[in-house]
Amino acid sequence: MDVEKVFHMTGGVGETSYARNSSFQKKGSDTVKHIILETIQELYMATTPKSVGIADLGCSSGNNSLSIIKEMVDAIEEASQRALQPVPEFRVHLNDLPTNDFNAIFLALPAFYKELRRGRDDGGPPIYIAAYPGTFYGRLFPSDCLHFIHSSYCLHWLSRAK
């Protein structure tokens, strides 16, 4: 079975789209969010990189991915301030199958950036977001470019991971 062609979410923002029908996934992600944020802060404190690489495997096309990314950025920013370190820049790699509606997530970016800048005089940390379409059964990213990999609802696909 060609997983890349068979399985995909309904794109766009219509009534049956993933963007409008992913509250169950959001609730699941929110349940473990405290673990993710604590872990990413610990990781940052142990390494204090100037540039943090984060990947979201299975980002889909809704706002769930950007929501947790924002909270990760906030958590690292808080940790850097506690450690009296400059806030790092962020490289965010959004991954899903090529059939994913990446346009929907890119259309949500202006609101994401606006939310990040809310109440800030400095405009917030630099954040570079890119899409990496493809299956994670193969190599997706260059060596040494990631510090943290997030995957909310795709662990059931890992039966082929090596």
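The largest nonpolar core in this predicted model has 27 residues, and Ile54, Met72 and Ile129 have the most contacts inside it. Helix 2, strand 1, helix 3, strand 2, helix 4, helix 5 and strand 3 each supply at least two residues of this core. Helix 3 gives the most, with 8 residues. The points below start with the cores and then take up the strands, helix 5, the salt bridges and two loop residues.

**Cores**

- In soluble globular proteins, nonpolar side chains tend to be buried together.
- Met72 is in contact with Ile36, Leu37, Ile40, Ile54, Phe148 and His150, leaving aside its neighbours within four places in sequence.
- A second core, separate from the largest one, has 6 residues, and Ala55, Leu57, Phe136 and Cys145 are among them.

**Strand 1 and its partners**

- Strand 1 covers residues 51–57, and 7 of its 7 residues are buried.
- From this strand, Ser51, Gly53, Ala55 and Leu57 point one way, while Val52, Ile54 and Asp56 point the other way; all are buried.
- Strand 1 runs parallel to strand 2, and 7 bridges join the two.
- In this pairing, Leu57 of strand 1 stands opposite Asn95 of strand 2.
- Strand 1 also pairs with strand 4 (residues 148–150), in the parallel sense and over 3 bridges.
- Here Ala55 stands opposite Ile149 of strand 4.

**Asp96 in strand 2**

- Strand 2 spans residues 89–96, and Asp96 belongs to it.
- Is Asp96 buried or exposed? Asp96 counts as buried because its relative accessibility is 16%, and the cut-off for buried is under 20%.
- Not counting residues up to four places away in sequence, Asp96 touches Gly58, Cys59, Ser60, Phe102, Tyr132, Pro133 and Gly134.

**Helix 5**

- Helix 5 runs through residues 109–117, and Leu109, Phe112 and Leu116 are buried in it.
- Why do these three lie on the same side of helix 5? They cover an arc of only 55° around the axis, which puts them on the same side.
- An α-helix has 3.6 residues a turn, so residues three or four places apart point the same way.
- The buried residues of helix 5 pack against helix 3 (64–82), helix 4 (102–107) and strand 3 (127–133).
- Pro110, Ala111 and Lys114 are exposed, and they sit on the face of helix 5 turned away from its buried side.
- Gly119 follows helix 5 and has a positive phi, near 75°.

**Salt bridges**

- Side chains of opposite charge can pair when their charged atoms come close.
- How many salt bridges are there? The count comes to 6.
- Asp74 and Lys70 meet in a salt bridge through their side chains, at 2.5 Å from N to O.
- Asp74 and Lys70 are 4 residues apart in helix 3, so about one helical turn separates them.
- Asp74 counts as partly exposed, at 26% relative accessibility.
- Another salt bridge joins Arg82 to Glu78, with the closest N and O atoms 2.8 Å apart.
- Arg82 and Glu78 both lie in helix 3, and their spacing of 4 residues is about one turn of the helix.
- Glu78 is partly exposed, with a relative accessible area of 43%.
- Arg118 forms a salt bridge with Glu115, where the closest N and O atoms are 2.7 Å apart.
- Arg118 counts as exposed at 58% relative accessibility, whereas Glu115 is partly exposed at 33%.
- Lys70, Asp74, Glu77 and Arg120 are joined into one network by salt bridges that share partners.

**Two loop residues with positive phi**

- Most residues other than glycine have a negative phi, and most peptide bonds are trans.
- Thr48 is not a glycine, yet its phi is positive, about 35°.
- Thr48 lies in the loop between helix 2 (23–47) and strand 1, and it counts as partly exposed at 33% relative accessibility.
- Leu84 is not a glycine either, and its phi is positive, about 55°.
- Where is Leu84 found? Leu84 is in the loop between helix 3 and strand 2.
- Leu84 is exposed, with a relative accessible area of 77%.

Notes: Residues are numbered from 1 along each chain as its sequence is written. This is a predicted model: local features need pLDDT of at least 70, side-chain atom pairs count only at pLDDT 80 or more; totals for chains, interfaces and linings use all residues. Side-chain values use heavy atoms; hydrogens and water are left out. Buried means under 20% relative accessible area, exposed over 50%, partly exposed in between (1.4 Å probe, protein chains only). The arc is that of the directions from the helix axis to the C-beta atoms. Contact means heavy atoms within 4.5 Å. Two strands pair if DSSP finds at least two bridges between them. A nonpolar core is a set of buried Ala, Val, Leu, Ile, Met, Phe, Trp, Tyr and Cys residues joined through side-chain atoms within 4.5 Å. A salt bridge is a side-chain nitrogen of Lys or Arg within 4 Å of a carboxyl oxygen of Asp or Glu.
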